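Colleague: Before we discuss the side chains, I should like each label to be justified against its criterion. Please begin with the terms themselves.

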Amino acid sequence: MLNRVYRSIDALIGYACACLDLDPSDVDWARNQILALFSLDSYDSGDGPADPASGGVDDLLESFIQALEGAGLMAQDDAPSMADTVMGILSSRPSHLQRRFAQVEGAQGGMAAMHWFYDYCVKNTYIKKSRLDRNPRFSSGGVVVTINLAKPEFKDMKKAAAGNSTAGGYPQCTICHENEGFAGRDKRTLRTIPLTLGGHDWFWQFSPYGYFREHGICVNADHTPMHVDKDTFGNLLDFVDRFPGYFLGCNAALPRIGGSVLAHDHYQGGGERLPMHQAGAWRTLHLDGHPDTPIEILDWPGTVVRVVSPSRQEIIEVSETIRQAWVDYDNPDLNIASQGPEGRQSALSPSLVKTDRGYEMSLILRNNGVSPEFPDGIFHVHPEFYPVKQEPIGLIEAQGLFVLPGRLVGQLACLEEALVAGTGLPEQVADFSLEYGEITKTLQGSHDPDQVHEALKSEIGSVCARILGNTAVFKRPEQTEGFLRGLGCR
């Protein structure tokens, strides 16, 4: 039994030498670290290490886990943590990785370095790409829908809000830099890259959830609360100047309108242009004193204005003017109150991309006010759509990429089966009566499996687009135009 354990360790070490920059001088050290995990004080190389090319890292880890279980060295429930432990040993130290990143960036540029770093995080299993690739994903109704099987669902708004706070301790929260290599949260394979934004220390790490291509978060090195102000715009500009192939944005720094870690200042971004980035302009205005900087009202279900300029200073000044006007804006007729019992209620989520037009700063206007009719939020998902999505709509979904809960895989399959069979709405998915009725109307009596499947995807996309409409503080673009004209736009 132990021979199989030795062979699987050798195979993983061979993989680390080939793919994780494990120096041959460190092979004996790495092997001994792994042997020590199981109190093994002997080792037999046998016929030599297995060929790491004979399987991917997932296969190698599976063989390793099975060998440990067969030898009675590990319980099955410990497999995820053990895999994280071993891959943490085989991964490069942060200092080595950061030097390699700097070398790639110096020779090939910032984007090449980011691509290299992402590839490394896949190879060392921090990003479990093979699992992420199994997440259902499709485009419909002008949005992209994905069902993330690894992401927990927060249906209780109070529990979701509790996730924004920290209980102290070490690390202070789930995204503090001290999580790098931390065993307590199985972060042994987490690696980060230091950045400077606005003259201050930040760092970048890729997200293990991977909602979109090369999805990562940019985190303030100091544990300081989320905020969006004039400096935020400059920070986003610093980032896209260095990594022009990525977008970067941040959640509005208020509960109920996105953001799972409001206690720590951070941004999100990556290598995919989301649907909102590609939305056209319904109308273009210009702010007094800034005639060369278009302000576009987007043709988009949410309330978004886009500031466009090749000038950093223009982007900052115009965006800040709009931000200041919005956070103090009140309109009782539209249920918009800038202040409430908990304090400020209006905020915005900025998102920046760099294109051939220059910088494009999208400003998503948000408000987290509540009412007796909508106790979870006036501009939150409305209750009729809770079966599909109940969590707060954050930056990524506000830009048209909906991350739906894993439970939907089974629920949508149940709906699809019933629609094909024509048996009526099953009891176990009775909450989906709205969706079932709309799909049935669309199908007009058809039970063809392909038509049912497409109608179901179309319905989910439609619901997500309507959810964006729920979050819109201005339900019609003319109202957005009125707000902009009120602050001097022509």
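Modeller: Buried means under 20% relative accessible area, exposed over 50%, and partly exposed in between, with a 1.4 Å probe and protein chains only. This is a predicted model, in which local features need pLDDT of at least 70 and side-chain atom pairs count only at pLDDT 80 or more, while totals for chains, interfaces and linings use all residues. Residues are numbered from 1 along each chain as its sequence is written, and side-chain values use heavy atoms, with hydrogens and water left out.

Colleague: Why does Tyr-118 count as buried?

Modeller: Its relative accessibility is 15%, and the limit is under 20%, so Tyr-118 counts as buried. Phe-206, at 1%, therefore counts as buried too.

Colleague: What makes Tyr-118 and Phe-206 an aromatic pair, and of which kind?

Modeller: Rings of Phe, Tyr and Trp (its six-membered ring) pair if their centres lie within 6.5 Å; planes under 30 degrees apart count as stacked, over 60 as edge-to-face and the rest as tilted. The search of the whole structure finds 22 aromatic pairs. In the pair of Tyr-118 and Phe-206, the centres are 5.2 Å apart and the planes are at 80 degrees, which is edge-to-face.

Colleague: Why is the pair of Phe-239 and Tyr-246 called stacked?

Modeller: The ring centres of Phe-239 and Tyr-246 are 6.4 Å apart and the planes are at 20 degrees, so the pair is stacked. Both Phe-239 and Tyr-246 are buried. Ring pairs link these two residues into a cluster whose members include Phe-101, Trp-204 and Phe-243.

Colleague: What are the contacts of Phe-239, leaving aside its neighbours within four places in sequence?

Modeller: Contact means heavy atoms within 4.5 Å. With those neighbours set aside, Phe-239 is in contact with residues including Met-114, Leu-195, Trp-204 and Cys-218.

Colleague: How do you know that Cys-19 has no bond to Cys-17?

Modeller: A disulfide is a pair of cysteine sulfur atoms within 2.5 Å. The closest cysteine sulfur to that of Cys-19 is in Cys-17, 9.8 Å away, which is too far for a bond. Cys-19 has 25% relative accessibility and therefore counts as partly exposed.

Colleague: What of Cys-250 and its closest cysteine sulfur?

Modeller: That sulfur is in Cys-218, at 11 Å from the sulfur of Cys-250, so the distance is too far for a bond. Cys-250 is buried, with a relative accessible area of 1%. The search of the whole structure finds zero disulfides.
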